[in-house]
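Open the model in your viewer and keep the selection panel at hand. The tour starts with the whole chain and then moves to single residues.

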Amino acid sequence: MSYKHIFPTLALAVLFAANPGTTFGQYLEAGFLLGASNYTGDLSQKIQLSEYHTSYGMTLRYNFSKRFSVRTNLLTGYLSASDANSRDAAVRERNLSFRSDFTEFSAQAEFSPLGYDILDGKVSTPYIFMGLGGVYFNPQAQLNGIWYDLQPLGTEGQSKKYSRVSATVPMGIGFRFSLGKRVNLGFEVGTRFTFSDYLDDVSKEYPNVVDLYETNPVAARLSYRRPELMGGGVTNPTDIKRGNPSNKDMYFVGGVTLSFNLTDKYGMEWEKKYRILDKK
């Protein structure tokens, strides 16, 4: 996909977030996210309910004003997909699958259109977020009961292995509300656009699997898995499309957030007028 419209929007969001209100007590929040992750890419064009997995992480948010915040996230989770889930017979016959742990770090700008200010009675708001980040992933597949890391095998005949780190553009929506002066509860869901087509180890064409088998039989078998399902002799699929390199992979993270306002009690605010816990 094209990202030409994403970066101007991101720059504008960051610019607004950096322009705080003058009467608002700026403060820091620290919290957690517990939810689920899923994936779309060459092995799944649509979200599959059976492929949801647990994800969790930590977040640090700085509230510049009632409407604008910035935050950093550290998340980890799990992604998977299988051709067996497809309704397309040709895709099922391809017979590929993968699993991958992932770890993501990102910085995001957040906009709350209704404002969020506990002291002013604004105790709930929807919000949107957008940012930049990076993700580490490690696709694996199973053969004869053994899980293999796919990137080192070069299943598409790569002479230079692809990177297991990719830039990401996270964006999404959420809703949060106050459980008192110290605690906030929220719900959010977001898409992660990546710059890699290898979250699932599938992107371009099949290699010459006969030649690959001579040097690395495991790589050859994990590259071309149709014979396992269909039986019969092996036809060399050289130069036949294995995936679609024009579409990058995406993943999704959503869940419940719980955060705590770090005020003067914790040494995080310096002016008395901003000390939330001191105000009744």
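Start with the surface of the full chain: about 14,100 Å² is exposed, and carbon and sulfur atoms supply 59% of it. Accessible areas come from the Shrake-Rupley method with a 1.4 Å probe, and for residues only the protein chains shown count as cover. This is a predicted model, in which local features need pLDDT of at least 70 and side-chain atom pairs count only at pLDDT 80 or more, while totals for chains, interfaces and linings use all residues. Residues are numbered from 1 along each chain as its sequence is written, and side-chain values use heavy atoms, without hydrogens and water.

Switch to a cartoon. The chain has five helices and ten strands; these are DSSP runs numbered from the N terminus, with helices (H or I) of at least four residues and strands (E) of at least two. Of the 280 residues, 44% are buried, meaning under 20% relative accessible area, with exposed over 50% and partly exposed in between. Among contacts (heavy atoms within 4.5 Å) with a separation of 6 or more, 73% join residues 24 or more positions apart.

Next, select Ser100 in strand 4 (residues 97–111). Ser100 counts as buried because its relative accessibility is 2%. Leaving out residues up to four places away in sequence, Ser100 touches Gly77, Tyr78, Leu79, Phe137, Asn138, Pro139 and Leu199. Show the Ser100 side chain: it reaches the backbone nitrogen of Asn138 at 2.9 Å.

Last, select Asp211 in helix 3 (residues 209–215). Asp211 is partly exposed, since its relative accessible area is 48%. Add Asn236 to the selection: Asp211 and Asn236 are 25 residues apart in sequence, and their C-alpha atoms are 9.5 Å apart.

Technical notes: Buried means under 20% relative accessible area, exposed over 50%, partly exposed in between (1.4 Å probe, protein chains only). A polar contact is a pair of N or O atoms within 3.5 Å; within protein, one must be able to donate a hydrogen and the other to accept it, and residues adjacent in sequence count only if both atoms are side-chain atoms.
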